[in-house]
Amino acid sequence: MRWGAPLMASATDARYGQKESSDQNFDYMFKILIIGNSSVGKTSFLFRYADDSFTPAFVSTVGIDFKVKTIYRNDKRIKLQIWDTAGQERYRTITTAYYRGAMGFILMYDITNEESFNAVQDWSTQIKTYSWDNAQVLLVGNKCDMEDERVVSSERGRQLADHLGFEFFEASAKDNINVKQTFERLVDVICEKMSESLDTADPAVTGAKQGPQLTDQQAPPHQDCAC
């Protein structure tokens with residue numbers, strides 16, 4: 001499976017997320033998917049991050065949509081292609097087709113909805129089935145601003161994340177809690193994995209090309225929501 005580099009890059013460069021010589025507007029392009037049950041807040045989460053906007057009106061996503069955002073991490077300009085997927089079962093065949101090539105997933109549940117939490121294991125299985133082995137996943141409990149309606153404790157979310165091998169955040173698109181931190185941490189994890197792949201790459205395969213110098217960076221501390 002290739003790293004999420006521009007499509008016109010060479011096979012080796014694409015595999016390791018190298019810069020495309022014909023496009024100097026970004027160093028890397030990462031494809032990220034937000035998945036989870038319907039109504040957990042995936043679209044609101046994306047709009048808060050990409051546009052810093054929030055609307056309380058719920059409109060179910062039909063099929064799949066995406067936004068693009070460019071950020072700077074480790075002195076690299078990274079273009080994020082963030083896909084917002086529909087949570088309904090009837091769209092599952094469509095959405096799972098987009099798992100291929102994704103470098104990162106935000107697997108989301110609603111802390112006020114037990115069913116969405118119980119579905120996390122199934123979503124995790126789908127990631128393993130339809131994506132590639134090195135795809136990085138963060139588990140996010142959304143709507144932590146609704147503390148009075150909470151049914152899934154932070155501890156249960158953290159325990160499930162540990163069991164699945166994912167990092168864990170609680171967040172609120174409405175109150176803009178841990179939204180940016182979630183995306184930036186996911187990007188950092190992807191960069192760390194990419195750097196490891198470059199460090200262990202066979203020079204005979206890569207043509208002894210030196211990989212990007214992605215320095216380890218302390219992730220910004222995220223706040224557990226105690227709204």
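This section describes the fold, the nonpolar cores, the helix packing, the salt bridges and selected loop residues of a predicted model.

The protein chain contains eight helices and six strands. In sequence order, these elements follow the pattern α-β-α-β-β-α-β-α-α-β-α-β-α-α. The chain comprises 227 residues, of which 52% are buried.

The nonpolar interior was examined next. The largest nonpolar core is made up of 28 residues, and Phe30, Phe45 and Leu80 have the most contacts inside it. Six elements each contribute at least two residues to this core: strand 1 (28-36), helix 2 (42-51), strand 3 (76-85), strand 4 (104-110), strand 5 (136-142) and helix 7. Helix 7 provides the largest share, with eight residues. A second core, separate from the first, consists of 26 residues, including Ala102, Phe105, Trp123 and Trp132.

Helix packing was described for one pair of helices. Two packed helices are characterised by the angle between their axes and by the distance separating those axes. For helix 5 (residues 120-130) and helix 6 (residues 154-164), the angle is about 25° and the axes lie 12 Å apart. Angles under 35 degrees count as roughly parallel, and helix 5 and helix 6 are therefore roughly parallel to each other. The crossing of helix 5 past helix 6 is right-handed. Thr125 belongs to helix 5 and is partly exposed, its relative accessibility being 39%. The C-alpha atoms of Thr125 and Leu164 are separated by 9.9 Å in space, whereas the two residues are 39 positions apart in sequence.

Charged side chains were then considered. Side chains of opposite charge can pair when their charged atoms come close. The structure holds 13 salt bridges. One of the salt bridges links Glu147 to Arg150, with a distance of 3.0 Å between the closest N and O atoms. The two partners fall into separate accessibility classes: Glu147 is partly exposed at 28% relative accessibility, while Arg150 is buried, with a relative accessible area of 19%. The cut-off for a buried residue is under 20% relative accessible area, and the value of 19% for Arg150 therefore places this residue in the buried class.

Arg185 and Glu192 form another salt bridge, with an N to O distance of 3.3 Å. Here Arg185 is buried at 12% relative accessibility, and Glu192 is partly exposed at 27%. In both the Glu147–Arg150 pair and the Arg185–Glu192 pair, a buried arginine is thus joined to a partly exposed glutamate.

A further salt bridge is formed between the side chains of Lys193 and Glu196, at 3.6 Å from N to O. Both residues are located in helix 7 (residues 179-199), where a spacing of three residues corresponds to about one turn of the helix. Lys193 is partly exposed, with a relative accessible area of 24%, and Glu196 is likewise partly exposed, with a value of 43%. In addition, Arg73, Lys180, Glu184 and Asp188 are joined into one network by salt bridges that share partners.

Several residues in loops were also characterised. Asn178 occupies the loop between strand 6 (167-170) and helix 7. The relative accessible area of Asn178 is 1%, and this residue is accordingly classed as buried. A polar atom of the Asn178 side chain lies 2.8 Å from the backbone oxygen of Glu170. Asn178 is thus a buried loop residue whose side chain approaches the backbone of Glu170 at this distance.

Positive phi values were found at two loop residues other than glycine. Asp75 has a phi near 65° and is placed in the loop between strand 2 (64-73) and strand 3. Asp75 is exposed, with a relative accessible area of 78%. Lys143 has a phi of about 70°, likewise positive in a residue that is not a glycine. The location of Lys143 is the loop between strand 5 and helix 6.

Note on methods
Residues are numbered from 1 along each chain as its sequence is written. This is a predicted model: local features need pLDDT of at least 70, side-chain atom pairs count only at pLDDT 80 or more; totals for chains, interfaces and linings use all residues. Side-chain values use heavy atoms; hydrogens and water are left out. A salt bridge is a side-chain nitrogen of Lys or Arg within 4 Å of a carboxyl oxygen of Asp or Glu. Buried means under 20% relative accessible area, exposed over 50%, partly exposed in between (1.4 Å probe, protein chains only). Helices (H or I, at least four residues) and strands (E, at least two) are DSSP runs, numbered from the N terminus. A nonpolar core is a set of buried Ala, Val, Leu, Ile, Met, Phe, Trp, Tyr and Cys residues joined through side-chain atoms within 4.5 Å. A polar contact is a pair of N or O atoms within 3.5 Å; within protein, one must be able to donate a hydrogen and the other to accept it, and residues adjacent in sequence count only if both atoms are side-chain atoms. Axes are lines fitted to C-alpha atoms, for helices over the stretch in contact, and angles run from 0 to 180 degrees between N-to-C directions. Angles under 35 degrees count as roughly parallel, over 145 as roughly antiparallel, 65 to 115 as roughly perpendicular and the rest as oblique. A crossing is left-handed if the near helix is turned anticlockwise from the far one by less than a right angle, and right-handed if clockwise.
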